[in-house]
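Hi everyone, thanks for making the time today. Could you bring up the sequence and the structure on your screens, so that we can walk through them together?

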Amino acid sequence: MLATVPSAALFGVAGVAVTVEVHVARGLPGFTVVGLPDTSCRESRDRVRAALLTSGFAWPDKRTTVNLAPTSVRKIGSALDLAIAIGVLVASEQLSPAAIEDRAFLGELGLDGTLRHVPGVLPIIEAISAPEIIVPPGSVHEASLVGDRRVLCATDLKELVDALTAEVPWPRPPDEPFDLTVAALPELADVRGHQVARAALEIAAAGGHNLLMVGPPGAGKTMLAHRLSGLLPDLDDGIALEATRVHSAAGVLPPGGLIRRPPWRAPHHGTSAVAMVGGGSQRLRPGEISLAHGGVLFLDELGEFSAVVLDALRQPLEEGVIRIARAETRVEVPADFLLVAAMNPCPCGEGVIPSSCRCTDRALDRYRRRVSGPLLDRFDLRLDVHRPDPRALLHGDGAESTAVVAARVRAVRERARSRGVTSNAGLGGSALERDAPLSAPASDLLQRALESGRLTARGLRRIWRVALTIADLAEHDGPLRAEHVASAFHLRADPAFLLGSSAA
Amino acid sequence: MSRRAIPSDAFVVALARLPQVGPARLRSLLCVGEPSEVWESLCRVSPSESTSQRSSVVGKLMADGLDRLSETQRVGLIELWGRAARSLDVSTFWQAHLDAGIGVTVFGSPSFPPVFAADDDPPMVLFWKGDLDHLAGVRAALVGTRRASRYGRDVAFELGRDLAAAGIAVVSGLALGIDGAAHSGALEACAAPPIAVVGSGLDRIYPRAHAALWRRVADAGVIISEYPLGAPAAAWQFPARNRLIATLADALIVVESQHTGGAMGTAIEATRRGGVVMAVPGPVTASSSDGTNQLLVDGCVPARDATDVLIALGRDSVPRRSATESRRPPSPEAAAVLEHIAWQAAPMEQLLLATGLDLGVLALHIDALEAEGWVAQRAGWVERIGRSRS
């Protein structure tokens, strides 16, 4: 007899609907899975057999063939275990086909018949069209994020079959886990001194501008960067769902369901290119840049990352997505993040303070070559973070709290939305000319900089956008003033000076 | 072009281009006959010729022209030269120098700079780009390690700038580190011309990183070399180059050097020629200043700044300062900001605190002050400039 069970599998960060067809017929006893299963998927045969037997069902003593359609897509992972088990039960006439009508199944099976959570539940559920979906208890809340389906769960195979045949009522889903991670966001008011850097953080958060902080060890670059996440507004519904999907596919979704707060990713500088941008030979995993979608990617010690890893960031920085292609597959994963980086000015760390650097020319040269010009160019804000004045450290200057600054940031984002973008960093050239006209002195300032070669055409747009964000923060309407542009200039220092400059 | 029309200098240039020919061997080659005669004899050298078949030129070369080589090495070298000579067209090579705007002068000609002609180890031929008349004034050479520290580079830059401003031509080798910083400083002064002596052909810019500096020196001053076009920078050519720097230097200042290195060799050459040798004191804990500190122990005059050098050269003890302020006075608001700017570089943050101004307004004032030459800023640090550097 033939049974057909709808389910879905993960492909990149998207789900693909999979129909599990199980055929049980007379013949030499055996069990075959066809339709491009990978190793973890083929192993499900052993898990399903053990789960059925320990749950008190019979294993068909016949020829059993499982087909996973469409056969052209490689199925990865154990999410199809449950669908295969249900298919075997129906095909071997231990369960009536009516019991599974309009129902899809998803989950991994333990040898004792327990249903287990799998990564990527959110995108997988999105690919399923059946009105009722049965998932493991641990996946219920994630599955419920997709509003229009009825999500049911059972703790093990026996309980599930009893519920399907209406012998017992459906078990209650577990309580939503309490998310403990909300509590501790670092507070901006704790920062002493660093007026310029604080202003830069605020501008970066408000306008979505990439930020590079260069300074000696102990100046507070990392401490400042950590305060950025608290300044960013909650994600809107679309981006929240995209971010949740990526986290789900990577199997790192925190408890609490939908990701509302902008993610914060700080990969170590030993991270490989694949871990950074995503990939892998079989299952294409989302990388750090995609996990940072909608949030912040913080690269501490930028100069220590390998050149390959850094250059791989350039395309996603421009386009907001990363396209990963392998011989068999090709996926597109969202990767729209705010890049924040910190590095020392030179190997000895003291370079910015004139005459205090002890590095040789050659060492400086090597260090400067580690970060390519095109990458440095993609930072809208580049500033020197130096050790704060001792006076400022001891006598606090009443810094503003995160909540106060975050409110201003939200207001600026609101203005950006009225211009049709999520943040000012996304404004194109013509949109800038329309939405952010320059006053005559501001235009003169830019003109002089362009003529003197201090500014390139690409740099012009970046300065312009930052100037707009600065004006927005000051709740300034009308043409941008010279001081907005001058501030933007000041906050985008020449990397030649930032990174241990040569003589004079 | 007929054979007759080729000037004798062209043959000297061609001889200088032969492989493994430095100043000493070029002198040997020119001692055994007229340049054109030597060249043509070399062209006729064949591997199989016996002692009796040798031309008189080659015979003289074999007899006493090439010291420190064994008989077989001499034969090998002359055959190597013969092969190289046959593949080089003298008139084309000469024309290449004319086309590239390279000046050529041969030892003994009236245009040969007297400072080199008077030396006991003179170059046989000089190539230059720029204006050779710039050699006329008082010259101070600034030399030092290529692996310079920030301290060394800053001092070299300031010495170069202040010496040039005082009318002293700065001589250096266009190498990385101290050499480059010294010439950058000299160029910034826009006063006395920079003089560079390099160890490769004038079309072989070495190091590549100094291509822009190389051009600027050629435009404002002169670059000198003993080697014709196409000669690569070989390690053995640099000590020879250093002796030319020592010859040119009325005062030689070693800015920063380890115990060994080209700069120490230059100091020895300059001492032998009786020139003033000075050294910049460095931290006793820094290995990068080991050599310069040792020079001071050995009795060299310390050079702390341009004034020390000027005194050693017997010039005015105080460098000329422009008597009148040429900068336009800043606006009252900018002047108020200027009051708060220290003579040592300080971060912008301190200014924000001191003035209480908004970042944008402050940045505008500082830009205006910088445009008029009152302050210098880099990467968020601002410092005041004492006087105009024109």
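I'll start with the two chains, then go through some strands and helices, and end with where the chains touch.

One thing to keep in mind throughout: this is a predicted model.

Let's begin with chain A. It has 504 residues, and 48% of them count as buried. Its secondary structure consists of 23 helices and 18 strands. If you take the contacts in chain A between residues at least 6 apart in sequence, 75% of them join residues at least 24 apart.

Now the same overview for chain B. Here we have 390 residues, with 44% buried. There are 17 helices and twelve strands in chain B. For its contacts with a separation of 6 or more, 71% come from residues 24 or more positions apart.

Let's zoom in on a sheet in chain A. Which order do its strands take? The order is β5-β8-β9 of chain A, in an open sheet of three strands with parallel pairing. β5 and β9 of chain A are the edge strands, each pairing on one side only. From one strand to the next, the twist averages 30°.

If you'd like to click along, β5(A) covers residues 103–105 and β8(A) covers residues 132–135, and three bridges join these two parallel strands. Along that pairing, A104(A) sits opposite I133(A), and F105(A) sits opposite I134(A). On the other side, β8(A) pairs with β9(A), residues 150–153, over four bridges, again in the parallel sense. There, V151(A) is the bridge partner of I133(A).

Next, a residue in a helix of chain A: L164(A), which belongs to α6(A), residues 157–164. Why does L164(A) count as buried? Because 22 other C-beta atoms lie within 10 Å, and the cut-off for buried is 20 or more. Leaving out residues up to four places away in sequence, L164(A) touches L95(A), A99(A) and I100(A). Have a look at A98(A) as well: L164(A) and A98(A) are 66 residues apart in sequence, yet 9.3 Å apart in space, C-alpha to C-alpha.

On to the nonpolar cores. The largest one has 165 residues, and the members that touch the most others are A85(A), A200(A) and V485(A). What does A200(A) contact, once its neighbours within four places in sequence are set aside? The contacts are L211(A), L381(A), L383(A) and L491(A). There is also a second, separate core of 96 residues, and V45(B), L142(B), W214(B) and V254(B) are among its members.

V485(A) takes us to helix α22(A), where it is one of the buried residues. How many of the nine residues of α22(A), residues 482–490, are buried? Nine of nine, so to speak a full house. Those buried residues pack against α20 (440–451) and α21 (457–473) of chain A, and also against α17 (359–371) of chain B.

Before we follow that link between the chains, let's look at some strands in chain B. In β5(B), residues 195–198, I195(B) and V197(B) point one way while A196(B) and V198(B) point the other, and all are buried. β5(B) runs parallel to β4(B), residues 169–172, and two bridges join them. The chain gets from β4(B) to β5(B) through helix α9(B), residues 178–189, in a right-handed β-α-β crossover. β5(B) also pairs in the parallel sense with β6(B), residues 222–225, over four bridges, and V197(B) stands opposite I224(B) there. Helix α10(B), residues 211–220, carries the chain from β5(B) to β6(B), and this β-α-β crossover is right-handed too.

Finally, the interface. 30 residues of chain B are in contact with 33 residues of chain A. On the chain B side, α8 (150–165), α9, α16 (348–355) and α17 each supply at least two residues. Which helix gives the largest share? That would be α17(B), with six residues. By class, the chain B side has 15 nonpolar, six polar and nine charged residues.

And remember α22(A) from a moment ago: α17(B) is one of the helices that its buried residues pack against.

That's my tour, thanks for listening!

Notes
Residues are numbered from 1 along each chain as its sequence is written. Chains are lettered from A and ligands numbered from 1 in the order in which they are written. This is a predicted model: local features need pLDDT of at least 70, side-chain atom pairs count only at pLDDT 80 or more; totals for chains, interfaces and linings use all residues. A residue is buried if 20 or more other C-beta atoms lie within 10 Å of its own, exposed if 12 or fewer, and partly exposed in between; C-beta atoms are placed from the backbone. Two residues are in contact if their C-beta atoms, placed from the backbone, lie within 7 Å. Two strands pair if DSSP finds at least two bridges between them. A crossover is right-handed if, with the strands pointing away from the viewer, the path from the first strand over the helix to the second runs clockwise. A nonpolar core is a set of buried Ala, Val, Leu, Ile, Met, Phe, Trp, Tyr and Cys residues joined through C-beta atoms within 7 Å. Ala, Val, Leu, Ile, Met, Phe, Trp, Tyr, Cys and Pro count as nonpolar, Asp, Glu, Lys and Arg as charged, and the others, Gly among them, as polar. Axes are lines fitted to C-alpha atoms, for helices over the stretch in contact, and angles run from 0 to 180 degrees between N-to-C directions.
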